[in-house]
Amino acid sequence: MARDEPLQKSLIRDTTAYFAYLLLVTTLGTFQFGFHLAELNAPQDVLTCKKRSLQQSSLSTSLPHCISMNTTQFSVVTSIFTLGGLIGALSAGPSCNQYGRLLTMQATTISFVIGSALETFATNIPTLCFGRLISGLGCGAAIVVVPIYIAETAPPKEKGLFGAFTQISINVGILAAQLLGHFLSRGNLWRIVLAVAGGIGLVQLAGLFLVPESPKWLAEHRSPQQARQILRKIRGHKADIDAEVKGWNIDATDDDILEEEALLSAPPGSHPVPNPKPAAASIGIWDALVHPAYRPAMIAVVAVMLAQQLTGVNSIVMYSVSLLSSLLPATASLLIVAVSALNLVVTTLCAPLSDKIGRKTCLLLSIAGMGICSVLLALGLLFGVKLLAAIATLVFVASFAVGVGPVPFMLANELVGPEAVGATQSTGLAANWIATFLVSQFFPIVNKALGGQGKVYFIFAGFAALFGAFIAYWVPETKGKSGIEEVWGKREARERIE
């Protein structure tokens, strides 16, 4: 208990009600990612006219109860979400660097509302696909900008803890979608599941009007006085913010700050007026890829993002109900709700873990657990051992929550300087979305080609072994290190600055 006391004390000291509000509102964007990822899982059979529910409750509308489609068409509907996510992720990095974190987050909410509306009222496959594509645009951008915003506003000593809230909010979204799907997968009530995301998008849009721009982004773009003012509000008036301000590497005298703080009092939710001083130079995606000083970090982030998806977690999130229904026909849907709840609980409980034992250690433990469980799940499905399949599924998701779930979203901010964070995060998330597309599009096809008995999980086990070895060799530990100078060494850090 003594070990936990410093963390509890620092949380009470460093976490203000205003920061808690910022965390809640901004993570609604990553909540949407989890929600849209899982929204079609439970209602799949009812939505595609494969089967009818015994309870034929429905909305009193002229909308059809289902949209007839085969396995391949449903795979396209599911995976096109990832195409929108890829486009959103690639565009969000340059956008949040040039226009700010706040404006980018506000733009994502428009995609959530429009995409969800199209999905809710869809009467055919093309409309449903287009809605999923638009929703994906917002989710792809949100999954880039939200972790950056959290890293730039979280108390320095608890960055790992609050960085895990990206994955926690994703898990809350997955659980919400699975729960709603479990109770509303009948008649055309599944449309309510799709409409909920649009309502949450409107709530977030309203909430963002009280959210300020990231103080670190403002400082890097030569608005240090307004940045200091915002940081003071986030940390509380009694907090010592001098160390954080020094970390911004800005050039402003105390007289400048005192004089201009009186003039710069932009309200939350507004965007900073362009400053006549030149902004800090940002590194584009291509420049970061070809520059020898940034390339190792880009490779590390891309590899960890690929590992997050190619170890198979979204085969559980997207297809587990249909996958397990032949083995557990009566309880498959409830099992997946339990899986989603376990994922949320373990991620929340393990949130401080990366600050205690390190990011890299969490990743390696997580991948090892997922690889072992992939083999056990394959054997359980192959030989019809229900208990083994159920336990393997639960432990697989719990292992994911320990490291592979939350840690990848933290690394970009810890492996590169602020000038390349947007490019690195965008590239990593683009790779993540491509891998998500591959899993969502080809998992049912490969599973069917291999006989539909879980043999595909041997492939995921192989990926776990491959990525585990690469991460152990390539990815540096970032726990307890104040910047890239400590992470990569002084020489490499100087090369980045030059």
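This is a short tour of some salt bridges and one leucine in a predicted model.

**Stop 1: Glu-152 and Arg-101**

The structure contains five salt bridges. Select Glu-152 and Arg-101 to see one of them, where the closest N and O atoms lie 2.6 Å apart. This pair joins distant parts of the chain: Glu-152 belongs to helix α7 (residues 125-153) and Arg-101 to helix α6 (residues 101-120), with their positions 51 residues apart in the numbering. Are the two partners buried or exposed? Both Glu-152 and Arg-101 are buried.

**Stop 2: Asp-242 and Arg-228**

Next, select Asp-242 together with Arg-228. These residues form a salt bridge, and their closest N and O atoms are 3.1 Å apart. Again the pair links distant parts of the chain, 14 residues apart: Asp-242 is in helix α13 (residues 242-247), while Arg-228 is in helix α12 (residues 224-235). Colour the two by accessibility. Asp-242 has a relative accessible area of 38%, so it counts as partly exposed. Arg-228 has a relative accessible area of 18% and is therefore classed as buried, because the cut-off for buried is under 20%.

**Stop 3: Arg-359, Asp-355 and Glu-414**

Now move to Arg-359 and Asp-355. Their side chains meet in a salt bridge, 2.8 Å from N to O. Arg-359 is buried, with a relative accessible area of 4%. Asp-355 is partly exposed, at 25%. Add Glu-414 to the selection. Which residues are linked with Glu-414 in a network of salt bridges? They are Asp-355 and Arg-359. As background to these stops, side chains of opposite charge can pair when their charged atoms come close.

**Stop 4: Leu-289**

The last stop is a leucine. Select Leu-289, which lies in helix α15 (residues 285-290). Its relative accessible area is 34%, so Leu-289 is partly exposed: the partly exposed class runs between the 20% and 50% cut-offs. Which residues does Leu-289 touch, leaving aside those up to four places away in sequence? Show Arg-295, Met-298 and Thr-427, which are its contacts on that count. Finish with a distance between C-alpha atoms: Leu-289 and Thr-427 are 138 residues apart along the chain, and their C-alpha atoms are separated by 9.1 Å.

Notes: Residues are numbered from 1 along each chain as its sequence is written. This is a predicted model: local features need pLDDT of at least 70, side-chain atom pairs count only at pLDDT 80 or more; totals for chains, interfaces and linings use all residues. Side-chain values use heavy atoms; hydrogens and water are left out. Helices (H or I, at least four residues) and strands (E, at least two) are DSSP runs, numbered from the N terminus. Buried means under 20% relative accessible area, exposed over 50%, partly exposed in between (1.4 Å probe, protein chains only). Contact means heavy atoms within 4.5 Å. A salt bridge is a side-chain nitrogen of Lys or Arg within 4 Å of a carboxyl oxygen of Asp or Glu.
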